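Reader: I'd like a close look at what sits around the ligand, and then a walk outwards from there. Which element gives the largest share of the shell around the ligand?

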Amino acid sequence: MGEQADSYEEIRKSVRALCTQFPGSYWRELDRDRAYPKAFVDALTKAGFLSALIPEEYGGSGLSLSAAAAILEEVQAAGCNGAACHAQMYMMGTLLRHGSAAQKRKYLPEIAAGKIRLQAFGVTEPGSGTDTLSIATTAKRDGANYVVNGQKIWTSRAEHSDLMLLLARTTPKEAIKKRSEGLSVFLVDMREAAGKGLTIRPIRTMMNHATTEIFIENLRIPAENLIGEEGQGFRYVLSGMNAERILIAAECVGDAKWFIEKAVSYAKERNVFARPIGQNQGVQFPIARSYAQMRAAELMVVEAAKRYERGEDCGEEANLAKLLAADASWAAADMCVQTHGGFGFAEEYDIERKFRETRLYQVAPVSTNLILSFLAEHVLGLPRSY
Ligand SMILES: Cc1cc2nc3c(=O)[nH]c(=O)nc-3n(C[C@H](O)[C@H](O)[C@H](O)COP(=O)(O)OP(=O)(O)OC[C@H]3O[C@@H](n4cnc5c(N)ncnc54)[C@H](O)[C@@H]3O)c2cc1C
C-alpha cells in the first residue's frame with residue numbers, strides 16, 4: 001500500500017515475515033489476560049531488530065533512525081504491537097550520547113545480545129505529567145551512592161525490563177539558576193533494586209500495555225550509574241525526544257496502514273443491498289481520506305528522520321510527524337470501525353483492539369496539545385502560554 005517514501009525493503013520484508021508468526025489470535029489472547037508478548041519480543045530481539053540503533057562495535061546493527069522507523073512501522077502494519085518494546089530503541093540514545101565509555105561497554109553488548117532489556121523509562125509522576133520540570137522524586141548523593149525517594153507513574157514495561165532510565169531531582173528547585181537544570185538521569189538496575197527500595201505495581205489500562213507505578217523509598221543507586229553530568233538530565237532526556245517522536249510516528253503510520261488495508265478488503269467483500277459496500281462513495285471517501293492523511297504523515301516521518309540523521313535541528317519536523325501520524329492513525333481507526341459496522345466491535349476482527357491501542361498516541365509520550373503549543377510558540381512565534 002502506498003509506495004514507500006524510503007527504501008529498507010529488505011528489512012521491511014524480514015519484519016513482515018517475522019510478524020506472520022504472531023497473528024491476531026496471539027495478540028487477542030494476550031489482550032484478554034493483559035499478558036506481556038514475551039515470545040514476540042524475544043523473536044524481535046533474536047532477529048536483531050531491537051538493537052538496530054546500537055553501534056556495531058557494541059554488537060548492534062548500527063542502523064539509521066529511518067531503518068528503525070521502518071522496522072516499527074512494519075510491526076504495526078502487520079497488526080502486531082511494538083509498544084511492548086519500542087522504548088528500547090529510542091531510550092538507547094540517552095545512553096549512547098551521554099553515557100560514559102564504561103557504562104556503554106557494560107550494558108550495550110548485553111542489550112544487543114538480548115541478555116538484558118532496557119525498556120523502562122521513569123519520567124512521569126502522579127503530580128507531573130506534561131510538566132516534567134515539576135517532578136518531585138529526589139536523588140541525594142551519599143558517599144558512593146545516590147539515595148532516591150519518590151514515585152513514578154505510567155512506567156511502562158518495568159516488570160519486563162532489567163534496566164530503567166530514571167529522571168530525578170538532584171538539586172532543589174529553589175537552588176537552581178536555570179529552570180531546566182537540577183534534574184539527573186540514572187541507569188537503575190532493577191534486578192538489584194527489587195525489594196531494596198523499589199516496588200512496582202501494575203496498572204490495568206484500556207489496552208494491554210504492561211504499564212506500572214513505581215514506589216521508591218531510600219533506594220541506593222551507585223554513583224557510577226549517573227548518566228552524564230549531574231543536573232543536566234532534563235537536557236539529555238529532551239535530546240532523545242525527537243527520536244522518540246519520529247519512531248512513535250512511524251508506528252502510527254503502520255497502524256493507519258493496517259486499518260486502511262482492513263477497511264479496503266472488507267469494503268470490497270461485504271455485500272449489502274446486493275452490492276459491495278465499497279461501491280458506495282459514502283464508504284469509499286472516508287477510506288480515501290484516511291489514505292491521504294496517512295501518506296502525508298508518512299512523508300513527514302521520512303523528512304524528520306532524514307533531518308535527524310543529517311544532525312540538523314528536527315524539532316519542528318519530529319513534532320509535526322508525531323501530530324500528523326497520531327491523527328492519521330486515530331482517524332483511520334475510527335473509519336475502520338465504521339466501515340465494518342457491527343463487526344468492527346467484535347474481538348475476533350482485531351479492529352477494536354488496534355483501535356484501543358492506537359488511541360494512546362494522542363496522549364503519550366507527548367499529548368497533541370503540547371505539540372500544538374510547541375508549534376505555536378517555537379515555530380510560529382506566538383506568545384508563550386505557560
Ligand atoms: C499507557 C501509558 C503509557 C505510558 N508510558 C510512560 C512511560 O513509559 N514513561 C513515562 O515516563 N511516562 C509514560 N506515560 C505518561 C505519559 O507520557 C503522560 O500521560 C503524558 O505525558 C501526559 O501527562 P498526564 O497524563 O499527567 O497529563 P496532564 O499533564 O495532567 O494533562 C492532562 C491533559 O491536559 C492537557 N494539558 C496540560 N497542560 C496543558 C497546556 N498547558 N495547554 C494545553 N493542554 C494542556 C494535556 O494535553 C492532557 O490532554 C504513559 C502514559 C500512558 C497512558
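Author: That's H12, which puts three residues into the shell around the ligand. Keep in mind that this is a predicted model: local features need pLDDT of at least 70, side-chain atom pairs count only at pLDDT 80 or more, and totals for chains, interfaces and linings use all residues. Numbering runs from 1 along each chain as its sequence is written.

The ligand is surrounded by 21 residues (C-beta atom, placed from the backbone, within 6 Å of it), and the closest are Val-123, Gly-129, Thr-130, Trp-154 and Ser-367. Two elements give two or more residues to that shell: strand S1 (118-122) and helix H12 (368-379). Both are DSSP runs, where a helix is H or I over at least four residues and a strand is E over at least two. Sorted by class, the shell has no charged residues (Asp, Glu, Lys, Arg), nine nonpolar ones (Ala, Val, Leu, Ile, Met, Phe, Trp, Tyr, Cys, Pro) and 12 polar ones (the others, Gly among them).

Why say the ligand lies between domains? Because domain 2 (118-232) and domain 3 (235-379) both give residues to its shell. The bounds come from an automatic or database domain assignment, which also gives domain 1 (9-112).

Staying in H12 for a moment, Ile-371 is one of the residues that Lys-322 touches, alongside Val-366, Arg-245, Ile-248 and Ala-249, leaving out residues up to four places away in sequence (contact: C-beta atoms, placed from the backbone, within 7 Å). Lys-322 belongs to helix H10 (residues 315-340). Lys-322 counts as buried because 29 other C-beta atoms lie within 10 Å; the cut-off is 20 or more for buried and 12 or fewer for exposed, with partly exposed in between. Pro-365 is 43 residues away from Lys-322 along the chain, yet their C-alpha atoms are separated by 9.8 Å.

Now over to domain 1, whose C-alpha centre lies 20 Å from that of domain 3. Their contact takes 27 residues from domain 1 and 25 residues from domain 3. On the domain 1 side, helix H2 (24-33), helix H4 (65-77) and helix H5 (87-98) each supply at least two residues, and H4 has the largest share, with 10 residues. That side of domain 1 has 11 nonpolar, 11 polar and five charged residues.

Terms used. Two residues are in contact if their C-beta atoms, placed from the backbone, lie within 7 Å.
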